[in-house]
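Visitor: Please give me a close look at the pockets of this model. I would like to know what lines them, and how the helices that supply the lining pack against others.

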Amino acid sequence: MAFEGLAERLQGTMRKIRGKGKVTESDVKEMMREVRLALLEADVNFKVVKDFVKKVGERAVGQDVLKSLTPGQQVIKIVQEELTNLMGGSQSQIAVAKRPPTVIMMVGLQGAGKTTTTGKLANLLRKKYNRNPLLVAADIYRPAAIKQLETLGKQLGMSVFSLGDKVSPVKIAEEAIQKAKEDHHDYVIIDTAGRLHIDSELMDELKGIRELVHPDEIFLVVDAMTGQDAVNVAQSFNDQLGITGVILTKLDGDTRGGAALSIRAVTNKPIKFAGMGEKMDALEPFHPERMASRILG
Ligand code: GDP
């Protein structure tokens, strides 16, 4: 299960402080030392941990907290609030263009789950929001990516736009939007090319698509299992391309949690959805508060 080690450790720490009738500054210090170690062990970004510990520590030793009737519970509430803030505070909504179609670009490295998530997102938009998306196969480099999206489209009963792998992704995107307008699709989800590593060729191609289609959302798909690598990838994509949100995949696996807890703070971009499995219905809006509750028990 995701966050298992972190949850276990933090819950142990919180249990110690919960029942205390009196909490001293040194109790708080001891607690924060344990929290710090637990977060570092969960592969949370070093600077993120430092800021988090400082913020919680400062709030927790406030006079009204330690002098309250239930200081232990107050301190735990602060940890819960700051953990929620760390992951973005409230749930973040998907954009809607003033004039349809709303255009979403899916970007990310190969293997992160981009093509699968494109299908899942289309499915979610239809089921939860009653939308009618057009899927666009613009990953012309990975062998089988086009076929994969077409298969997903067939499985979901949704239209997939493709022009094969001989036409440039920019041209594919342009024609797809035209097609979406003609066929009254309200969302267009473009599955762009991934690479094994970030390179300037990839970024140039993505920028080319961005300039042409002016997407309402650029979602970076990252694999939660890759921890701090995911955070570095997110930072690079955000610096070079500008993203509007992150979709974390494979949160059904046993990720330690570093990516989920660091990405928002490092990139200042919200995590919008979480992939919870390989099936087409395994995508959920990301709820920071629920995630924090799950970690703290
Ligand atoms: P792409 O190269 O980024 O387009 O990656 P794919 O969409 O082909 O996905 C790579 C692998 O990850 C596939 O085997 C997917 O089924 C799997 N995958 C994607 N999302 C998830 C997820 O949320 N959970 C799990 N367990 N597997 C996922």
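Guide: What follows goes from the pockets to the packing of helices, and ends with the backbone of two loops. The model is predicted, so local features need pLDDT of at least 70 and side-chain atom pairs count only at pLDDT 80 or more, while totals for chains, interfaces and linings use all residues. Residues are numbered from 1 along each chain as its sequence is written, and side-chain values use heavy atoms, with hydrogens and water left out.

The largest pocket (an open set of points on a 1 Å grid where a 1.4 Å probe fits, with protein on both sides within 12 Å along at least five of seven lines) holds about 220 Å³ of space, a volume filled by probe spheres set on the points. Its lining (residues with an atom within 4 Å of a point) is made up of Asn45, Lys47, Val48, Asp51, Phe52, Lys55, Glu82, Asn85, Leu86, Arg264, Ala265 and Val266. Three helices (DSSP runs of H or I, at least four residues) each supply at least two residues of this lining, namely H3 (46-60), H5 (71-86) and H11 (258-267), and H3 gives the most, with 5 residues. By class, the lining of the largest pocket has 5 nonpolar residues (Ala, Val, Leu, Ile, Met, Phe, Trp, Tyr, Cys, Pro), 5 charged (Asp, Glu, Lys, Arg) and 2 polar (the others, Gly among them).

The second largest pocket has a volume of about 170 Å³, and among the 13 residues that line it, Gly113, Thr116, Lys250, Gly277 and Glu278 lie nearest its centre. Helix H6 (residues 114-129) supplies the largest share of this lining, 3 residues, and the lining of the second largest pocket divides into 7 polar, 4 charged and 2 nonpolar residues.

H5, one of the helices lining the largest pocket, also packs against helix H12 (residues 288-296), for their axes (lines fitted to C-alpha atoms over the stretch in contact, with angles from 0 to 180 degrees between N-to-C directions) come within 8 Å and cross at roughly 135 degrees. H5 and H12 are therefore oblique to each other, neither under 35 degrees (roughly parallel), over 145 (roughly antiparallel) nor 65 to 115 (roughly perpendicular). Their contact (heavy atoms within 4.5 Å) is made by Val79, Gln80, Leu83 and Thr84 of H5 together with Pro288, Glu289, Ala292, Ser293, Ile295 and Leu296 of H12, and these residues divide into 6 nonpolar, 3 polar and 1 charged.

H6, which lines the second largest pocket, packs against helix H7 (residues 145-156) at an angle of about 25 degrees, with the axes 9 Å apart, and this makes H6 roughly parallel to H7. Here Thr115, Thr116, Thr118, Gly119, Asn123 and Arg126 of H6 meet Ala145, Gln148, Leu149, Leu152 and Leu156 of H7, in a contact that has 6 polar, 4 nonpolar and 1 charged residues.

Two loops complete the picture. Most residues other than glycine have a negative phi, and most peptide bonds are trans. In the loop between helix H2 (25-41) and H3 lies Asp43, a residue other than glycine whose phi is positive, near 70 degrees. Pro101, in the loop between H5 and strand S1 (102-107), follows a cis peptide bond from Pro100, with omega near 5 degrees.
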